[in-house]
Amino acid sequence: MTIELRLTVDPRSAEPPFEQVRAQLEGLITTGRLLPGDRLPTVRALATDLGLAVNTVARAYKELESSGLVETRRRAGTVVASGEHTADVAVAALAMKYALAVREAGVEEAKALDLVRSALRTTGSGGASLIE
């Protein structure tokens with residue numbers, strides 16, 4: 001599934017448009033708003049949405065790929081890379097989602113932490129994931 005992005009480009013900025021796009025995408029990745037495996041829009045689609053030339057967006061994607069933040073796959077398109085640089089961010093984002101679900105469900109903090117400890121013990125070190 002392709003992620004809907006809310007990027008903006010300021011044509012009056014001294015920063016080139018490709019760099020504005022690159023920096024915004026990098027920020028979404030490094031803060032966990034985009035997670036490993038999330039598919040970015042096609043270059044053409046994002047260029048159309050932002051009113052930019054296709055080559056401008058292609059350059060932003062190429063810069064992100066060379067820094068290891070995204071990967072381009074033939075049939076899957078451009079996706080957020082699953083490198084070590086994003087592992088902590090991805091887990092932190094999942095922890096935040098869990099914390100919100102715990103609050104919404106009215107589960108006490110101590111019980112929520114017990115559930116996490118139990119899940120960690122169940123999966124062991126390097127064992128199979130219960131999520132997959």
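1. Which helix gives the most to the nonpolar patch? Helix 5, spanning residues 109–123, does, with three residues. Bear in mind throughout that this is a predicted model.

2. The patch itself sits on the surface and covers about 340 Å². Tyr98, Leu115, Val116 and Leu120 make it up. Of these residues, Val116 lies in helix 5.

3. Next, the strands. Strand 1 (residues 70–73) and strand 2 (residues 77–80) run antiparallel. Four bridges join the two. One pairing to check by eye is Glu71, whose bridge partner in strand 2 is Val79.

4. The connection between these strands is a hairpin. Three residues take the chain from strand 1 to strand 2. When viewing side chains here, recall that in a regular strand they alternate between the two faces of the sheet.

5. Now the second largest pocket. Its volume is about 300 Å³. The lining comprises 13 residues. Ile3, Leu28, Gly32, Arg33 and Leu34 are the ones that lie nearest the centre of the pocket.

6. Where does the largest share of that lining come from? Helix 4 (residues 84–105) supplies it, with three residues.

7. What classes of residue line the second largest pocket? Eight are nonpolar, four are charged and one is polar. Arg33 is among the residues nearest the pocket centre, and so is Gly32.

Definitions and conventions
Residues are numbered from 1 along each chain as its sequence is written. This is a predicted model: local features need pLDDT of at least 70, side-chain atom pairs count only at pLDDT 80 or more; totals for chains, interfaces and linings use all residues. Side-chain values use heavy atoms; hydrogens and water are left out. On a 1 Å grid over the protein atoms alone, a cavity is a set of points where a 1.4 Å probe fits but cannot get out, and a pocket is an open set with protein on both sides within 12 Å along at least five of seven lines; lining residues have an atom within 4 Å of a point. Grid points are joined across faces, edges and corners, and a volume is the space filled by probe spheres set on the points. Ala, Val, Leu, Ile, Met, Phe, Trp, Tyr, Cys and Pro count as nonpolar, Asp, Glu, Lys and Arg as charged, and the others, Gly among them, as polar. Two strands pair if DSSP finds at least two bridges between them. Patches are made of residues with over 30% relative accessible area and no salt bridge: like charges are joined within 9 Å, nonpolar side chains (Val, Leu, Ile, Met, Phe, Trp, Tyr) within 5 Å. Accessible areas come from the Shrake-Rupley method with a 1.4 Å probe; for residues, only the protein chains shown count as cover. A salt bridge is a side-chain nitrogen of Lys or Arg within 4 Å of a carboxyl oxygen of Asp or Glu.
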